[in-house]
Amino acid sequence: MNADDPDQKPALAAHDEAQAGAPAIVDVLAPLALDMVWSYLAPPDLALAAGDIVRIPFGSREAIGVVWAVHPPGATVGGRKLKTVSGRYDVPSLPDGLRTLLDWIARYTLAPRGQVLRLALRHPEKLPPEAPRVAVAATGRLPARLTPARRRALAALDGHDAMSRKGLAVAAGVSLAVINGLIDDGSLETRVLPDTPAPAPDPEFAPAALSDGQAGAAASLRAAVADGQFGVTLIEGVTGSGKTEVFFEAIAEALRQGRQALVMMPEIALTAQFLDRFAARFGVRPAEWHSGVSPRQRERIHAGAASGEIQVVTGARSALFLPFSKLGLIVVDEEHEAAYKQEDGVHYHARDMAVVRGRIERCHVALASATPSIESRVNAMRGRYGHLRLPERFGQRAMPRLSAIDLRKQAPPKGRWLSAPLVEAARETLARDEQALFYLNRRGYAPLTLCRSCGHRFQCPNCSASLVEHRFRRALICHHCGHAERRPDACPACGEVDALVPAGPGVERLAEEVAALFPGVPAITLSSDLAGGSERMRKELDAVAAGDFRIIIGTQLVAKGHNFPRLTLVGVVDADVGLATGDPRGAERTFQMLQQVTGRAGRGDAPGRAILQTHQPEHPVMTALLSGQSERFYAEEIAAREAAGLAPFGRLAAIIVAGPDRQATEAHAQALARAAHAAPNASGDLVVLGPAEAPLAIVRGMHRFRLLIKSARNTDLQGFLRAVLAATSAPAARIRVTVDVDPQSFF
């Protein structure tokens, strides 16, 4: 058509009118492990926008999806007959920034977009209507009969607008009958409280008294947040230096700017003390987001983050995918922790994705750690990140004094795991009414159970791993697939009775030794696999901080982020764990863990001491720790990484092939290797290693083979991986191919 031809103008007008009346076409992404969208017609009475959560007809059923794109009126999609969107859920939509992040993660990790969508999409749950929250408030009228109990109840309300009936009864030390009597007398009245997801933190509530070093770092961070632009700052400070107080001031600045803050933590157990410290600084607790939060509360937080009503959220890595509307700051605490890497489903690193979201949202990102990752250290050295250092503990407290016990010369008695010098140091500590921590990063009672008669060892029927004895639970358990079985009285191989013996120590076995060496001394064993969940863990950590236990036996759970003021001795039972695993990050992780756990000592008024039991006191990790020369370790490790072309100087990706049939699985891995060797490699810097059987060759009954693809930093590694996968025929049934870009685990 020619728009300038007068004869064609009526036809053009009719065409435009038809186009305007045509239903809109939307592309919908469903939370399925597929990398495609489906096109649907939008109902005429429903103005859909990108990010809306909708119901769609999908085959013979209805499914949930997210509108990913809206086509202009009159657009066509391949001439197909399209189904119509069934409806829209009355829930917050996914904002543009979050959808951009999900697309970015899909491209980077090679995971299907629908699978990545699961990270952020919450299915609207049909929860029963919530009962209104009722509180009581004083009316100002005194009751006709003012008993001592009634007087205490009215006094307990001073300074409070309202309290729940039960809360007031507990605070006043009276029964509910007393509260009900005051209501009947007109001295108290009931009020329905507004349904607010979280009270607003007050940035001016109780600013901390900062040291000169903290104040300087806080001022720099506040300025970065106030600038309102993307940037990353690494906060590196020794244990006890007050990194939390520094990033609290950055949170306060974000609140002053009317923006939201997200604080990410690697484990739920770390949040208990943090919540109390946050409340002391800002007057209220932040919203919590993790697997232990109830569905009702998750619904509130999700909606509150989208509306901006919730201003601060603290949570595990999944909190990164909340639909924040005005994000101004992301804090990644203990940024070096391997727990930030998601190892199932979509293989992403939450710390790195936090930086990506910060760039998308144009907000500042703060990474905090006493032992930063090599990647973050190098980024700071090269000027990509700002770098704030806190080299001293708050209040001029001294760092713990470190020493080593050479187990080749001072071995414990046979069947024991604590050497004489460590036991003596613990006795001296207890005599001063202080706490001692024995650290061993092995859960359970013993990592291996053997028959001393025939040599039979108990192995998992589903994995190529030994069963770990858990004497507290009276079971042999696989830590990889969860298989559990009762520990028998007789050897299943030879039938010998009472011939089964544990080999090596776990924390439960160490607890037995501690009980024998220190009878009557209150002791507690802390491990992530003990029954009771996060709530029990919080109570036990609070009890340790209060000094209720004199001896703590713990795994890595107690090694980070906790403040135990009366703890002055840390004894590391086996400092060599992690040094001989073949993991390229083994030295870094061992250094970080030992630095973190020894840093628990001496955080109160009394000086601290840490003792490392080791067979390798001359190892570079040990010498760096014992000399207090962290910079020496970082310099040597960074140089070794650069020479080997490993992250962050090069890139690595793993392709893991897993299947129930060993021969078929290995054959598909070989086919992938052939495709990799045949794929274009113009720069010549792509190296294909393998396939080889993974160190943990069988998991959950699936045989595992692994290829490693090594490349230079600037190589299009994802493009190469896509070409390899596209050039390989689809795997046989039940064979899974997983891609892990920037792997953290090599097992």
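This is a short talk on two sheets, one helix pair and a group of cysteines in a predicted model.

Let me begin with the six-stranded sheet, which is open and has its strands in the order E15-E25-E24-E16-E23-E22, with parallel pairing. At its edges stand strand E15, residues 401-406, and strand E22, residues 523-526, each of which pairs on one side only. If we ignore direction, neighbouring strands of this sheet are turned against each other by 15 degrees on average.

We can now walk inward from the E15 edge, where E15 and E25 pair in the parallel sense over six bridges, and where Asp-406 has Thr-614 in E25 as its bridge partner. How much of strand E25 is buried? Strand E25, which spans residues 609-614, is mostly covered, since the model has five of its six residues buried.

From there, E25 is joined to E24 by four bridges, the two strands running parallel, and within this pairing Val-572 stands opposite Leu-612 in E25. Moving on, strand E24, residues 567-572, pairs with strand E16, residues 435-439, in the parallel sense over five bridges, and here Leu-437 is the residue that stands opposite Val-570 in E24.

There is also a helix to place against this sheet, namely H14, residues 507-517, which lies across E16, E22 and strand E23, the last of these being residues 551-554. With respect to E23, helix H14 runs at about 155 degrees.

The other sheet I would like to show is an open one of five strands, in the order E2-E1-E4-E3-E5, and its pairing is antiparallel. Its edges are strand E2, residues 38-41, and strand E5, residues 87-88, and because each has a single partner strand, one side of each is left without a neighbour in the sheet. Strand E2 is joined by four bridges to strand E1, residues 25-29, the two running antiparallel, and in that pairing Ile-25 has Leu-41 of E2 as its bridge partner.

Let me turn to the helix pair, H4 with residues 148-156 and H6 with residues 176-184, which pack at an angle of about 80 degrees with their axes 10 Å apart. Because angles of 65 to 115 degrees count as roughly perpendicular, H4 is roughly perpendicular to H6. Which residues of H4 and H6 make the contact? On the H4 side they are Ala-149, Arg-150, Ala-153 and Leu-154, and on the H6 side Val-178, Ile-179, Gly-181 and Leu-182. Sorted by class, this contact of H4 with H6 has six nonpolar residues, one polar and one charged.

Finally, the cysteines, where a search of the whole structure finds zero disulfides. Cys-478 is in no disulfide, and the nearest cysteine sulfur to it, that of Cys-460, is 3.7 Å away, whereas a disulfide would need the two sulfur atoms within 2.5 Å. Cys-481 is likewise in no disulfide, with the sulfur of Cys-460 as its nearest cysteine sulfur at 3.5 Å.

Is Cys-478 buried or exposed? Cys-478 counts as buried, because its relative accessibility is 2%. Cys-481, on the other hand, counts as partly exposed because its relative accessibility is 22%.

Definitions and conventions. Residues numbered from 1 in each chain as written. Predicted model: local features only at pLDDT ≥ 70, side-chain atom pairs only at ≥ 80, totals over all residues. Heavy atoms only, no water. Axes fitted to C-alpha atoms, helices over the stretch in contact; angles between N-to-C directions. Parallel < 35°, antiparallel > 145°, perpendicular 65-115°, else oblique. Contact = heavy atoms within 4.5 Å. Nonpolar A, V, L, I, M, F, W, Y, C, P; charged D, E, K, R; others polar. Buried < 20%, exposed > 50% of the residue type's maximum accessible area, 1.4 Å probe, protein only. Pairing = 2+ DSSP bridges.
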